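Me: Hey, could you walk me through this one? I haven't looked at it before.
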Amino acid sequence: MILDFIRNKIVEVEPQPDGSVSVNWRLKDSLMDVNVKILIQTPELEIKEARAEMKRPFLQNCLPAQDRIEKIVGVRVGAGLRKIAAGLLGGDEGCDVLKAAVLESCNAAILHFTRYTLQAGDGLSDEEKLAGARANLEANPRMAGSCVVYAEGSPVMEGYRAGGGEG
């Protein structure tokens, strides 16, 4: 007996004209086909819209996907997101596929804002890179503590005060 299993997953982040970001998460494998779309508003990084479509759900708990995914609307991307997503979307009655989709979508949105500070060899001096990362932090204050670039003690965060810039 020959068993096949093929899995494709893609996460796309598209900046919107109003400054928000739209994230499209798609998982298609031999067992399921799921598409999740999330709109994240800046600078507070709040989830404003969330939609899910399950063409081939593998788990019965995931059948009411649209109703479940709407629970995440209003949640902010930042500290505690994993626990909030697990409580709203996961567990015995939840859908772990949707929970993973939301977490991966939020990670993709964070990487969208931080990727330029992570890219090496862009011809800028270290001070110019730090200034750009700090400007990004000023424009999106919820980025503080969201990843290694904006972690407490990082060079970007030295002298930064939430809400007041450098201090």
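Reply: Sure, here is a quick tour of the sheet, the core and some helices. One thing up front: this is a predicted model.

Me: Okay, sheet to begin with. In what order do the four strands come?
Reply: The order is β1-β2-β3-β4, and they make an open sheet with antiparallel pairing.

Me: Which ones are the edge strands?
Reply: β1 (7-15) and β4 (46-56) are the edge strands, each of them pairing on one side only.

Me: And by how many degrees are neighbouring strands turned against each other?
Reply: On average by 10 degrees, with direction ignored.

Me: How many bridges join β2 to β3?
Reply: Eight. β2 covers residues 21-29, β3 covers residues 33-41, and the two run antiparallel.

Me: What does Val 21 stand opposite?
Reply: Its partner across the way is Ile 40 in β3. Ile 40 turns up again in the largest nonpolar core, as one of the residues with the most contacts inside it.

Me: Nice, let's switch to that core. How many residues does the largest one have?
Reply: It has 41 residues. Besides Ile 40, those with the most contacts inside it include Val 36, Ile 47, Val 77 and Tyr 150.

Me: Which elements give two or more residues to it?
Reply: From the sheet, β2, β3 and β4; from the helices, α2 (81-89), α3 (96-118) and α4. The largest share is from α3, with nine residues.

Me: You mentioned Val 77. What is it in contact with, leaving aside neighbours within four places in sequence?
Reply: Val 77 is in contact with Ile 40, Leu 45, Ile 47, Cys 106, Ile 110 and Arg 142.

Me: On to α2. Which of its residues are buried?
Reply: Leu 81, Ala 85 and Leu 89. They sit on the same side of α2, because they cover an arc of only 35 degrees around the axis.

Me: What's exposed on the face turned away from that buried side?
Reply: Lys 83 and Gly 87.

Me: And what follows α2?
Reply: Gly 91 does, and its phi is positive, near 85 degrees.

Me: Last one, α4. Which residues are buried there?
Reply: Leu 130, Ala 133, Arg 134, Asn 136 and Leu 137. Their arc around the axis is only 155 degrees, so they lie on the same side of α4.

Me: What span should α4 have?
Reply: With 14 residues (126-139) at 1.5 Å a residue, helix α4 should span 20 Å. The C-alpha atoms at its ends are 20 Å apart, so that agrees.

Note on methods. Residues are numbered from 1 along each chain as its sequence is written. This is a predicted model: local features need pLDDT of at least 70, side-chain atom pairs count only at pLDDT 80 or more; totals for chains, interfaces and linings use all residues. Side-chain values use heavy atoms; hydrogens and water are left out. The expected span of a helix is 1.5 Å times one less than its number of residues. Buried means under 20% relative accessible area, exposed over 50%, partly exposed in between (1.4 Å probe, protein chains only). The arc is that of the directions from the helix axis to the C-beta atoms. Two strands pair if DSSP finds at least two bridges between them. Axes are lines fitted to C-alpha atoms, for helices over the stretch in contact, and angles run from 0 to 180 degrees between N-to-C directions. A nonpolar core is a set of buried Ala, Val, Leu, Ile, Met, Phe, Trp, Tyr and Cys residues joined through side-chain atoms within 4.5 Å. Contact means heavy atoms within 4.5 Å.
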